[in-house]
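Please open the model in your viewer, with the sequence panel beside it, and keep a selection tool at hand. The tour below moves from a single residue to its surroundings and then to another part of the surface.

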Amino acid sequence: MDQNKLKRHHVMRSLILAGITALLAYLILSETLSYYLAPRLHMFSYVTLVILSLLTMVSIRQIFVGSSVYDCDCEEQHKVPRTPMGSLLVYGLFVLPIVMGFVMPDKILGSDVAEKRGITLLSNDVRKLADVTANANANATENEKQTAEVKEDAKPSVEPQSGATNQVATPPVEATDDEQLRQRFSNGGFGDFYTDIAVFLHKQPVIELNDKVFLDGLTTMELYAKEFAGKELETIGFVYRQPDFTKQQFVVARFSVTCCTADSSVYGVLVEKEDANKWAKDSWVKVRGKLELRQVDGYDMLVLKASQVEAVSAPKDPYVYYSFEAAPDS
């Protein structure tokens, strides 16, 4: 292949590399990268941007330097397309997503995706954990009863002795409110992690289910549904409705992203309010109300009886993530 044709291929490849680099830089600078990628992976995007920039400069250099043979020992394995149609097909596969990335608007996930994937109001993990814990608690109670019976049978009969010195009973130390609350939740047997979150949430006069605590807080309230019934709750999310909902129902929902939007899941709280149907699908709202206990398929579920619903703007990062620091020490 002559140098002029080879140079045109280097130009095309340089433009493609520059386009991919520019698209990634645009997503980072416009702060829309979170629409597609979890924050914990953003650092890899920054590294990728640097690598792409270097590759683009190397490709541009080849336009002016040129080459008669490839630098690697791959012989003809990396040959450029020989026909115009081959060039169109090969380079078109790279150009099309670049054009779409710049032309198509950035859009967060909404009800259309939630309808296809299904929304989680009572997660399977909570059901399994509740079943396992219930069985474990039942076994532990049975073992305690058997142990108590054995001790009672083996207990020797002791007659009171005259003249024995009366022992002064030490008054019990009263537990603080925090200790009592922690003991109340620790009896559920779900572990210290959920106990810490339960105590943190229950101490709030109005539970703020914000972005940081949304997923872990929602799971915790499901595990301790009876304890959280009657508590005030405030949270934000987008409006989602299923076909079988009444006019007084909608879900205030959030998407959870582990790595990227391809593995996203939908979680939310069922809201009931007389004028619930006036809130449009996919509109973002702040909801406040009282939690009520319901039975769904034999499991406890909390429903938010809303007293206030107001329109809000979607947050800069619309997705929520699991956090090991959901419950602060304070």
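## Starting at Ala311

Select Ala311, which in this predicted model is exposed, because its relative accessible area of 58% lies over the 50% cut-off for that class. Ala311 belongs to strand β7, which covers residues 299-311.

Which residues does Ala311 touch, leaving aside those up to four places away in sequence? Display Trp279, Trp284 and Val285, and you have its contacts under that condition. Then add Lys286, which is 25 residues from Ala311 along the chain, although the C-alpha atoms of the two are separated by 6.3 Å.

## Across the paired strands

Next, select strand β6 together with β7, and follow the 12 bridges that join these two antiparallel strands. A convenient place to look is Gly289, whose bridge partner in β7 is Ala306.

Now keep β6, which spans residues 284-296, and add strand β3, residues 232-240; these two also run antiparallel, and 7 bridges join them. Within this pairing, centre the view on Ile236, which stands opposite Lys286 in β6. While the strands are on screen, it may help to recall that side chains in a regular strand alternate between the two faces of the sheet.

## Over to helix α3

Leave the strands and select helix α3, residues 84-103, which with 6 residues gives the most to a nonpolar patch on the surface. To colour the whole patch, choose Ile20, Met85, Leu88, Leu89, Val90, Leu93 and Phe94, which together make an area of about 710 Å².

From that group, pick Leu88, a residue of helix α3. Is Leu88 buried or exposed? Leu88 counts as exposed, since its relative accessibility is 58% and the class begins over 50%.

## Zooming out

Finally, clear the selections and show the protein as a cartoon, in which 9 helices and 7 strands can be picked out. Switching to a surface display brings up an accessible area of about 21000 Å², of which 56% belongs to carbon and sulfur atoms. If you colour by relative accessibility instead, 35% of the 330 residues count as buried.

For a last view, draw a contact map: among the contacts between residues at least 6 apart in sequence, 71% join residues at least 24 apart.

Terms used. Residues are numbered from 1 along each chain as its sequence is written. This is a predicted model: local features need pLDDT of at least 70, side-chain atom pairs count only at pLDDT 80 or more; totals for chains, interfaces and linings use all residues. Side-chain values use heavy atoms; hydrogens and water are left out. Helices (H or I, at least four residues) and strands (E, at least two) are DSSP runs, numbered from the N terminus. Buried means under 20% relative accessible area, exposed over 50%, partly exposed in between (1.4 Å probe, protein chains only). Contact means heavy atoms within 4.5 Å. Accessible areas come from the Shrake-Rupley method with a 1.4 Å probe; for residues, only the protein chains shown count as cover. Two strands pair if DSSP finds at least two bridges between them. Patches are made of residues with over 30% relative accessible area and no salt bridge: like charges are joined within 9 Å, nonpolar side chains (Val, Leu, Ile, Met, Phe, Trp, Tyr) within 5 Å. A salt bridge is a side-chain nitrogen of Lys or Arg within 4 Å of a carboxyl oxygen of Asp or Glu.
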